[in-house]
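Student: Could you take me through one part of this protein closely, and then show me how the surroundings are put together? I'd enjoy a connected account.

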Amino acid sequence: MKSDQIQALFDRIAPVYDELNTVLSFGQHRIWKQMAVKWSGAKPGDVCLDLCCGSGDLAQMLAEKVGKTGQVYGVDFSSAQLAVASDRATRRCLKPAIQWVESDVLTLPFSDNQFDCATMGYGLRNVTDILLSLKEIRRVLKPGAKAAILDMHRPSNGWVRAFQKWYLDEVVVPAAHRLGFTEEYAYIAPSLDKFPTGAKQVSLANQAGFASAMHYPTAGGTMGVLVIMKG
């Protein structure tokens, strides 16, 4: 899909995004997001960036980690997702407040070397240019800073791959259908088919200029976290 089509899709699914993420992950997505926050190296006082922030789970976890002396910026190109994220964070009274920024992650409105760490949850699979996205992440990170990128994957194990396909077709899409979003969630399977494997993601991170890159599969290879560090 083109960028404007992806943007419109996430605007439409914003009201049910959290509920369907829970269905999609057997309720485990927040555990995987906590893993990404840990691997990002976020610590008290840091200035952190959460890209493709959606409804704000990762940004809120970062805010808890950096505390009152830190700062978190949540970026998404979906205004509807940002509205949900802002409302959720406001109700939790997080201090300091997360700064929500509407922007395409391929052209971030930030200075070079600005952030102590970055996260991205379920966003890399949906950008129109993965290499450019990684280059942009590298640009805004400080030297020695890390980014942790969580996403779904096609597992290499044939049995797990078959189960994933069954689960998407027979559980996730019907759940989306009940909420009126069949077409929107049917895009997941084809997006997984074209998404680079963990090894390819490491190669792309190296091409983007990162000093180190490691990919950690989890949940039987159906999920994974790419951890990259700027030199």
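Tutor: Happy to. Let's start at Y122, which counts as buried because its relative accessibility is 9%, below the 20% cut-off for that class. Please keep in mind throughout that this is a predicted model. Y122 sits in the loop that runs between β4 and α6. Its backbone deserves a look too: phi is positive, about 60°, although Y122 is not a glycine.

A second residue makes a good companion to this one. C52 is a non-glycine residue that also has a positive phi, near 50°. C52 belongs to the loop between β1 and α4. With a relative accessibility of 18%, C52 counts as buried.

Now let's follow the elements that flank these loops into the interior. The largest nonpolar core has 31 residues, and the members that touch the most others are L49, L134, I137 and I228. Two or more residues of this core come from each of β1 (47-51), β4 (115-121), α6, β5 (141-152), α10 and β7 (223-229). L49 is a nice place to pause. Leaving aside residues up to four places away in sequence, L49 touches L62, Y73, V75, L108, F110, F115, C117, A118, T119 and V140. Apart from the largest core there is another one, made of 28 residues, which include L58, L62, L168 and L192.

From the Y122 loop, the chain leads on to α6, so to speak, and this helix has a partner worth examining. Helix α6 (residues 130-140) packs against helix α10 (residues 198-207) with the axes 9 Å apart and an angle of about 55° between them. That angle makes α6 oblique to α10. The two helices cross in a right-handed sense. On the α6 side the contact is formed by I130, L131, L134 and K135, and on the α10 side by L204, A205 and Q207. By class, these contact residues are 5 nonpolar, 1 polar and 1 charged. L134 thus appears in this contact and also among the best-connected members of the largest core.

From the C52 loop, turn instead to α4, which meets two helices. Helix α3 (residues 29-40) packs on helix α4 (residues 57-66) at about 50°, their axes being 10 Å apart. That makes α3 oblique to α4, and the crossing is right-handed. α3 contributes H29, R30, K33, Q34, A36, V37 and S40, while α4 contributes D57, L58, M61, L62 and K65. This contact of α3 with α4 contains 5 nonpolar, 3 polar and 4 charged residues.

The other partner of α4 is helix α5 (residues 79-92): these axes come within 10 Å and cross at roughly 35°. Here, too, the crossing is right-handed. The residues that meet are D57, Q60 and E64 in α4 and R88, A89 and R92 in α5. The classes in this contact are 1 nonpolar, 1 polar and 4 charged. D57 takes part in the contact with α3 and in the contact with α5.

Finally, step back to the whole protein. The protein has 10 helices and 7 strands, and 53% of its 231 residues are buried. Among contacts between residues at least 6 apart in sequence, 73% join residues at least 24 apart.

Methods. Residues are numbered from 1 along each chain as its sequence is written. This is a predicted model: local features need pLDDT of at least 70, side-chain atom pairs count only at pLDDT 80 or more; totals for chains, interfaces and linings use all residues. Side-chain values use heavy atoms; hydrogens and water are left out. Axes are lines fitted to C-alpha atoms, for helices over the stretch in contact, and angles run from 0 to 180 degrees between N-to-C directions. Helices (H or I, at least four residues) and strands (E, at least two) are DSSP runs, numbered from the N terminus. Angles under 35 degrees count as roughly parallel, over 145 as roughly antiparallel, 65 to 115 as roughly perpendicular and the rest as oblique. A crossing is left-handed if the near helix is turned anticlockwise from the far one by less than a right angle, and right-handed if clockwise. Contact means heavy atoms within 4.5 Å. Ala, Val, Leu, Ile, Met, Phe, Trp, Tyr, Cys and Pro count as nonpolar, Asp, Glu, Lys and Arg as charged, and the others, Gly among them, as polar. A nonpolar core is a set of buried Ala, Val, Leu, Ile, Met, Phe, Trp, Tyr and Cys residues joined through side-chain atoms within 4.5 Å. Buried means under 20% relative accessible area, exposed over 50%, partly exposed in between (1.4 Å probe, protein chains only).
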